[in-house]
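Biologist: Could you help me learn to read a model like this one? I would like to go feature by feature.

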Amino acid sequence: MSFMDDVYAKVKGKGCRVIYAEGLEDRAIRAAGWLRDRDLVVPVLIGREAAVREKATALGVGLEGLLLRDPATDPRRATFEADYVQLRKHKGVTPEIARERVALPHYFAALALRAGEATGVVSGLNSETKPFIPAFEIVKMRQGMKRASSIFVMTWPDRVCFYADCSMNISPDAETLAEIGRATAESARAFGHEPRVAFLSFSTRDSAKDASIDRIKEAVALVRRAEPGLIVDGEVQFDAAILPDVAKKKCPDSPLEGRANVFIFPDLNSGNIAYKITERLGGARAIGPVFQGLNKPVNDVSRGCSVQDFADVAAITALQGMG
């Protein structure tokens, strides 16, 4: 069973509502119909209702089983405006500003999620509807987490790996790196995989000396103190993390035993480069980025993603919300 088949099986029939903030997008409507037809999630399309209905008709997608929310006429809009003022008044947000923001689909979606009216939100098909700011302002960080991060799920027919952080934190300090490691381990568990976490470096067991290596070691120490039962090691090179024969030579005492499935990169340069090499040369499918560390799941997508990618991120979002 592939990674996505496993995700589908876990969310099927559970009735999780996932909001598509860009309900007028062709890809959103097609993906919503695909999810509805398979009983994977209950899609919620945000947008002008008449326009969504017209577009769906033109695409040949029936709206039965889909939920439509129009910020302009929604009966919850006034409540969301008041909620947003309370959340952001310390930043100078007035009722007038709230009225403008809540009219925006990705803000409306985040407020509906915060109110418990959905399991998660997927957005980002357009640059103006990227969900980062509403997520941080409205959904906020989970208790104990200071920074959000993201993972790419790298899948092959016979293997699943989790790469972090590949899209958000440019140069994380030791504390942030530790949070990324713990959050990614939690994500791996949510997707049904027992995490074996490798904090990657160009060094294994002090084969080199550098301040960047000290930062990795400090992060690993923080993770071990916070979660003594987690299988984690670092600093380790990629080959020592993933090949048992190499691990026996370079770090024979490593609890990973060359069988890591969660890979924490020391910075965004290395993470972003690595996932793209893995995808383009290694033949993996890269699913993500999937956000982690927030109170409730909010996920961004590439502006060039396919209908299937958009549907799959919604299914993943539903599974995150079930955890």
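Modeller: Happily; we will look at a helix, some strands and a surface patch. Keep in mind that this is a predicted model.

Biologist: Let's start with helix α6. How many of the ten residues of helix α6 are buried?

Modeller: A residue is called buried when its relative accessible area is under 20%. In α6, which covers residues 105-114, eight of the ten residues are buried, so the helix is largely enclosed by the rest of the structure. Among them are H106, Y107 and F108. After α6 comes G116, with a positive phi near 85°.

Biologist: Now the strands. Which way do β5 and β6 run, parallel or antiparallel?

Modeller: As a general idea, side chains in a regular strand alternate between the two faces of the sheet. Here, β5 (residues 149-156) and β6 run antiparallel, joined by six bridges. A hairpin of two residues connects them. To find one pairing by eye, look for F152, whose bridge partner in β6 is Y163.

Biologist: And which sense does the pairing of β6 and β9 have?

Modeller: That pairing is parallel, over three bridges, with β9 spanning residues 262-264. A164 has I264 in β9 as its bridge partner. Strand β6 itself, residues 159-164, is mostly covered, with five of its six residues buried.

Biologist: Finally, the surface. Which residues form the negative patch?

Modeller: Patch members need over 30% relative accessible area and no salt bridge. In this model, D173, D210, D214 and E218 form the patch. E218 sits in helix α9, residues 211-226. With a relative accessible area of 46%, E218 is partly exposed.

Conventions. Residues are numbered from 1 along each chain as its sequence is written. This is a predicted model: local features need pLDDT of at least 70, side-chain atom pairs count only at pLDDT 80 or more; totals for chains, interfaces and linings use all residues. Side-chain values use heavy atoms; hydrogens and water are left out. Patches are made of residues with over 30% relative accessible area and no salt bridge: like charges are joined within 9 Å, nonpolar side chains (Val, Leu, Ile, Met, Phe, Trp, Tyr) within 5 Å. Accessible areas come from the Shrake-Rupley method with a 1.4 Å probe; for residues, only the protein chains shown count as cover. A salt bridge is a side-chain nitrogen of Lys or Arg within 4 Å of a carboxyl oxygen of Asp or Glu. Lys and Arg count as positive and Asp and Glu as negative; His and the chain ends are not counted. The place of a charge is taken as NZ of Lys, CZ of Arg, CG of Asp or CD of Glu. Helices (H or I, at least four residues) and strands (E, at least two) are DSSP runs, numbered from the N terminus. Buried means under 20% relative accessible area, exposed over 50%, partly exposed in between (1.4 Å probe, protein chains only). Two strands pair if DSSP finds at least two bridges between them.
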